[in-house]
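Here is a short guided tour to read with the model open beside you. Take your time and turn the structure as you go.

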Amino acid sequence: MNEKNTLRRLREQRGLTKEEAAAELGVSRQSVSQWESGKTFPSTKRLVALSRLYGVPLEEMTQTDTADADHTSPSEPEMEEPRKPRFSKRTVFYIAISVLYIAVYIWGEVTHSRNSAKLTIVFNGFSR
């Protein structure tokens, strides 16, 4: 299969930009670009999604030209951009320590105010 020409041709026939195709497939524009340039090959899951998106049978997308069959090499696995975590581990640690500190402070204040109220009642009883 000459993926470079096939994938680009099918996308353009559908009137989609790389960004639109990427959004429909849930991948980055760079992934679509790499598939079309032949640098990487889409996973089976993505091939099925591509065939649905472009409205062609999966067999058409996976056909191997006889000229390309002699020069095939194992395809590289699909490389998607890793998701960046929202918070670093250090930030989560500091937030947890802050929440713990606030909880201990509030617990201390509540406990102290209960003890103060009990002491006030006891001393008021003796002040008559």
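Gln30 counts as partly exposed, because its relative accessibility is 37%, a value between the 20% and 50% limits for buried and exposed residues. Its place is in helix α3, which covers residues 29–37. Gln30 has a partner worth finding on screen: Lys18 is 12 residues apart from Gln30 in sequence, and the two C-alpha atoms are 8.4 Å apart in space. Please keep in mind throughout that this is a predicted model.

**The chain as a whole**

Stepping back, the protein chain holds seven helices and zero strands. Read from the N terminus on, its elements run α-α-α-α-α-α-α. The chain has 128 residues, of which 20% count as buried. About 10,200 Å² of the protein chain is exposed, and carbon and sulfur atoms supply 56% of that area. What share of the contacts with a separation of 6 or more joins residues 24 or more positions apart? The share is 62%.

**Helix α4 and the core**

Now turn to helix α4, residues 44–54. Its buried residues are Arg46, Leu47, Leu50, Ser51, Leu53 and Tyr54. Viewed down the axis of α4, these buried residues fall within an arc of 165°, so they line one face of the helix. A general point helps here: an α-helix has 3.6 residues a turn, so residues three or four places apart point the same way. Which exposed residues sit on the face of α4 turned away from its buried side? They are Thr44, Lys45 and Arg52. After α4 comes Gly55, and its phi is positive, near 70°.

The largest nonpolar core has 15 residues, and those touching the most other members are Leu25, Val27, Trp35, Leu50, Leu53, Tyr54 and Met61. Two or more residues each are given to this core by α1 (3–13), α2 (18–25), α3 and α4. Which element gives the largest share of the core? It is α4, with four residues.

Tyr54 deserves a closer look, since this residue is easy to follow outward from α4. Leaving aside residues up to four places away in sequence, Tyr54 touches Leu7, Leu10, Arg11, Arg14, Leu16, Ala21 and Met61. One of these contacts, Arg11, comes up again among the charged pairs.

**Charged pairs**

Side chains of opposite charge can pair when their charged atoms come close. How many salt bridges does a search of the whole structure find? It finds three, set out here.

| Salt bridge | Closest N to O distance |
|---|---|
| Arg8 and Glu12 | 3.2 Å |
| Glu36 and Arg11 | 2.5 Å |
| Arg29 and Glu19 | 3.7 Å |

Take Glu36 and Arg11, which form a salt bridge. Glu36 lies in helix α3 and Arg11 in helix α1, so this pair ties together parts that are 25 residues apart in sequence. Are the two partners buried or exposed? Glu36 is buried because its relative accessible area is 7%, under the 20% limit. Arg11 also counts as buried, at 7% relative accessibility.

Arg29 and Glu19 meet through their side chains in a salt bridge. This pair links distant parts of the chain, with Arg29 in helix α3 and Glu19 in helix α2, 10 residues apart. Arg29 is partly exposed, with a relative accessible area of 33%, and Glu19 is partly exposed as well, at 48%.

The pair of Arg8 and Glu12 stays within one element: both residues lie in helix α1, four residues apart, about one turn of the helix. Arg8 counts as partly exposed at 42% relative accessibility, and Glu12 is partly exposed with a relative accessible area of 45%.

**A nonpolar patch on the surface**

To finish, look at the surface. Phe93, Tyr94, Ile97, Leu100 and Val104 make a nonpolar patch of about 520 Å². Of these, Phe93 is found in helix α7, residues 89–126. Why does Phe93 count as partly exposed? Its relative accessible area is 49%, and the label exposed is kept for values over 50%.

How values were computed:
Residues are numbered from 1 along each chain as its sequence is written. This is a predicted model: local features need pLDDT of at least 70, side-chain atom pairs count only at pLDDT 80 or more; totals for chains, interfaces and linings use all residues. Side-chain values use heavy atoms; hydrogens and water are left out. Patches are made of residues with over 30% relative accessible area and no salt bridge: like charges are joined within 9 Å, nonpolar side chains (Val, Leu, Ile, Met, Phe, Trp, Tyr) within 5 Å. Accessible areas come from the Shrake-Rupley method with a 1.4 Å probe; for residues, only the protein chains shown count as cover. A salt bridge is a side-chain nitrogen of Lys or Arg within 4 Å of a carboxyl oxygen of Asp or Glu. Buried means under 20% relative accessible area, exposed over 50%, partly exposed in between (1.4 Å probe, protein chains only). The arc is that of the directions from the helix axis to the C-beta atoms. A nonpolar core is a set of buried Ala, Val, Leu, Ile, Met, Phe, Trp, Tyr and Cys residues joined through side-chain atoms within 4.5 Å. Contact means heavy atoms within 4.5 Å.
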